[in-house]
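This report describes a single protein chain by its strands, charged pairs and nonpolar cores. The sequence and structure come first.

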Amino acid sequence: RLLSHEIYSSFNTSLSFKTLMDAENICDLENLLINTSEVVKVNYEKQDYYPLSHNQLNVYIESVKNPDKLIYNMPFVIELGKNIDPERLKESLIKVFDYHSYLKSIITQKDGKVCIKRQDDAKVNVEILNKECSVKVRENFAKPFDLFDSPLYRAKIFYYNNQTTLLLDIHHIIFDGLSLNVLIENLINAYHDKDLLTEGYT
């Protein structure tokens, strides 16, 4: 799946699982990408509700078992340095979350089953604080998520002495390390008024 995602992100195309397995080396993959007859274009229809994947279900169960622990929080401290406009950064982050709107999803129940509900029109909450992002602030930023009563992310921007720091905390049930790379790259693109990367598996 990781290879499929990378191919989709880079070439805006998706190769079938069988096609990937039949490719013996990188040259075979290159030929497949050039030969568009072998490429399967995939369009995923957005739905209001999605069932949890096997991995998401495991994350959900462990999170419910350990409601006061941070085992599935993914907190990030992003030092942006000087001369970064905090208001513009906030607008850029909102743009990215609106673009990758699955980040605004919540956990809910439908027909007696736990599922993910998209909230594409939900407002993105980003707080700007004009104070230092101290070590204590960073250490205490991550808090357990109430899976059924809140968004699955938190975002705060600290601006102090011309230094801008972004704190993000996103629940692993909707986010992973690969997602972070895309989010950061699109945040940079949005801040500089560039096109955002195409949304793939969302």
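## The hairpin of β3 and β4

D111 takes a positive phi near 55° in the hairpin of β3 and β4, where two residues lie between the strands. D111 is a residue other than glycine, and with a relative accessible area of 71% it is exposed (buried means under 20% relative accessible area, exposed over 50%, partly exposed in between, with a 1.4 Å probe and protein chains only). Strand β3 covers residues 106–110 and strand β4 residues 113–117; the two pair in the antiparallel sense over five bridges, where pairing requires that DSSP finds at least two bridges between two strands. One of the bridge partnerships joins I106 to K117 in β4.

A positive phi in a residue other than glycine also occurs at N83, with a value near 60°. N83 sits in the loop between β2 and α5 (86–99). At 63% relative accessibility, N83 counts as exposed.

## Basis of the model

This is a predicted model, in which local features need pLDDT of at least 70 and side-chain atom pairs count only at pLDDT 80 or more, while totals for chains, interfaces and linings use all residues. Residues are numbered from 1 along each chain as its sequence is written, and side-chain values use heavy atoms, with hydrogens and water left out.

## Overall make-up

The protein chain has seven helices and seven strands. These elements are DSSP runs numbered from the N terminus, with helices being H or I of at least four residues and strands being E of at least two. Their order from the N terminus is α-α-α-β-α-β-α-β-β-β-α-β-β-α.

Of the 202 residues in the protein chain, 39% are buried. Among contacts with a separation of 6 or more, 70% are between residues 24 or more positions apart; contact means heavy atoms within 4.5 Å. The exposed area of the protein chain is about 12,400 Å², and carbon and sulfur atoms supply 50% of it. Accessible areas come from the Shrake-Rupley method with a 1.4 Å probe, and for residues only the protein chains shown count as cover.

## The four-stranded sheet

Four strands form an open sheet in the order β2-β7-β6-β5, with mixed pairing. The edges are β2 (73–82) and β5 (127–129); each has a single partner strand, so one side of each is left without a neighbour in the sheet. Neighbouring strands of this sheet are turned by 15° against each other on average, direction ignored. The strand axes are lines fitted to C-alpha atoms, and angles run from 0 to 180 degrees between N-to-C directions.

At the β5 edge, three bridges join β5 to β6 (residues 153–160), and these strands run parallel. L129 has F158 in β6 as its bridge partner.

## Salt bridges

Side chains of opposite charge can pair when their charged atoms come close. The whole structure contains seven salt bridges, each defined as a side-chain nitrogen of Lys or Arg within 4 Å of a carboxyl oxygen of Asp or Glu. One of them links E79 and R138, with the closest N and O atoms 2.4 Å apart. This pair connects distant parts of the chain, since E79 is in strand β2 and R138 in helix α6 (residues 135–141), 59 residues apart. Both ends are partly exposed: E79 at 46% relative accessibility and R138 at 30%.

The E62–K65 salt bridge has its closest N and O atoms 3.9 Å apart. E62 and K65 are three residues apart in helix α4 (residues 54–65), which means that about one helical turn separates them. E62 is partly exposed at 29%, whereas K65 is exposed at 58%. K104 and D98 form another salt bridge, with a closest N and O distance of 2.7 Å. Here K104 is buried, at 3% relative accessible area, and D98 is partly exposed, at 39%.

## Nonpolar cores

A nonpolar core is a set of buried Ala, Val, Leu, Ile, Met, Phe, Trp, Tyr and Cys residues joined through side-chain atoms within 4.5 Å. The largest has 36 residues, of which F97, I107, L168 and F175 touch the most other members. At least two residues of this core come from each of α4, β2, α5, β4, β6, β7 (163–171) and α7 (177–191). Helix α7 gives the most to this core, with five residues.

Leaving aside neighbours within four places in sequence, F175 contacts M74, F76, L103, I170, L180 and L183. A second, separate core of five residues includes L129, C133, F158 and L167. Within that second core, L129 and F158 are also bridge partners.
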